[in-house]
Amino acid sequence: MNDAVNEPVGGYPDIDVMRVMDLIPHRYPFLLVDKVVQIEPNVGCIGIKNVTINEPFFAGHFPQRPVMPGVLIIESMAQTAGCLVVATLGPESEGKLVYFMTVDNARFRRPVVPGDRLEVHVKKLRNRGNVWKFEGQAKVDGVLVAEATYSAMILDN
């Protein structure tokens, strides 16, 4: 994949939040991808989540020191992967549901806090039928903050 964050890959321009909502069924407050800045169908993509203090989970996690829950970072990886799947399979797959099957080797290296720009790098490892396996990395300012390998099943909604 191309290293320039805003340069399109394979002729695909950035995907804004309105288009992300066409691709995957998630909605606020559980939509955890603001845009996709790089996408190479059948290979990988980079999604962006701008983390703000008004996220609903910060009210309880933790009010005195707000930290984005690790499971939501993993969910952001999954939603970014969902965008990759639709770009790979084409328009007929828009809005299909993506169900987690496994999450392996999840590592959280530092907290993600309000004001961070979470950059989610997703790489397709393989797919067989409607089961896909991915490797995800989340970075803030180029520093790895979380990573995981995960698989998902793509189903009609």
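Where is the place of Pro29? I looked this up before anything else and found Pro29 in the loop between H1 and S1. I note here that I am reading a predicted model, and I keep that in mind through the entries below.

**Entry on backbone geometry**

I went back to Pro29 and saw that a cis peptide bond joins this residue to Tyr28, with omega at about 10 degrees. A cis peptide bond also joins His61 and Phe62, where omega is about -10 degrees, and I placed Phe62 in the loop between S2 and H2.

I then turned to phi angles and wrote down Asn42, which is not a glycine and yet has a positive phi of about 70 degrees. Asn42 sits in the loop between S1 and S2, and I list this residue as partly exposed because its relative accessibility is 40%. Asn105, a residue other than glycine, likewise has a positive phi, near 55 degrees. I found Asn105 in strand S3, and with a relative accessible area of 53% the residue is exposed.

**Entry on salt bridges**

How many salt bridges does the structure hold? I counted six, and I followed three of them in detail.

I started with Glu94, which forms a salt bridge with Arg19, the closest N and O atoms lying 2.8 Å apart. Glu94 belongs to the loop between helix H2 (70-89) and strand S3 (97-108), while Arg19 belongs to helix H1 (residues 17-23), so this pair ties together parts that are 75 residues apart in sequence. I checked how open each partner is: Glu94 is partly exposed at 29% relative accessibility, and Arg19 is also partly exposed, at 33% relative accessible area.

Next I looked at Lys49 and Glu55, whose side chains meet in a salt bridge with an N to O distance of 2.9 Å. Are Lys49 and Glu55 buried or exposed? Both turn out to be buried.

I then took up Arg117 and Glu119, where the side chains meet in a salt bridge at 3.3 Å, N to O. Arg117 counts as partly exposed at 33% relative accessibility, whereas Glu119 has a relative accessible area of 14% and is therefore buried, the limit for that word being under 20%. I also recorded that Arg19, Asp22 and Glu94 are joined into one network by salt bridges that share partners.

**Entry on the nonpolar core**

I moved inward to the largest nonpolar core, which has 37 residues, and noted that Met68, Met77 and Leu118 have the most contacts inside it. At least two residues of this core come from each of H1, strand S1 (35-40), H2, S4, S5 and strand S6 (143-155), and H2 supplies the largest share, ten residues.

I wanted to see what surrounds Leu118, so to speak, and listed its contacts, leaving out residues up to four places away in sequence. Among them are Gly47, Ile48, Lys49 and Val51, then Met68, Ile73 and Ser76, and further along the chain Ala138, Lys139, Val140 and Val145. Lys49 in this list is the residue that I had already entered as the salt-bridge partner of Glu55.

**Entry on the cavity**

I looked for enclosed space and found one cavity of 30 Å³ or more. About 40 Å³ of space lies in this largest cavity. Which residues line the largest cavity? I wrote down Leu23, Ile24, Gly82, Val85, Val86, Ser93, Lys96, Val98 and Ile154. H2 gives the most to this lining, with three residues, and by class the lining has six nonpolar, two polar and one charged residues.

**Entry on the second largest pocket**

I closed with the second largest pocket, which holds about 150 Å³ of space. Eleven residues line this pocket, and the closest to its centre are His121, Val122, Lys123, Glu135 and Gln137. Strand S2 (44-50), strand S4 (117-128) and strand S5 (131-140) each supply at least two residues of the lining, with the largest share, four residues, coming from S5. By class I noted four nonpolar, four polar and three charged residues in the lining of this pocket.

Definitions and conventions. Residues are numbered from 1 along each chain as its sequence is written. This is a predicted model: local features need pLDDT of at least 70, side-chain atom pairs count only at pLDDT 80 or more; totals for chains, interfaces and linings use all residues. Side-chain values use heavy atoms; hydrogens and water are left out. A salt bridge is a side-chain nitrogen of Lys or Arg within 4 Å of a carboxyl oxygen of Asp or Glu. Buried means under 20% relative accessible area, exposed over 50%, partly exposed in between (1.4 Å probe, protein chains only). On a 1 Å grid over the protein atoms alone, a cavity is a set of points where a 1.4 Å probe fits but cannot get out, and a pocket is an open set with protein on both sides within 12 Å along at least five of seven lines; lining residues have an atom within 4 Å of a point. Grid points are joined across faces, edges and corners, and a volume is the space filled by probe spheres set on the points. Ala, Val, Leu, Ile, Met, Phe, Trp, Tyr, Cys and Pro count as nonpolar, Asp, Glu, Lys and Arg as charged, and the others, Gly among them, as polar. A nonpolar core is a set of buried Ala, Val, Leu, Ile, Met, Phe, Trp, Tyr and Cys residues joined through side-chain atoms within 4.5 Å. Contact means heavy atoms within 4.5 Å.
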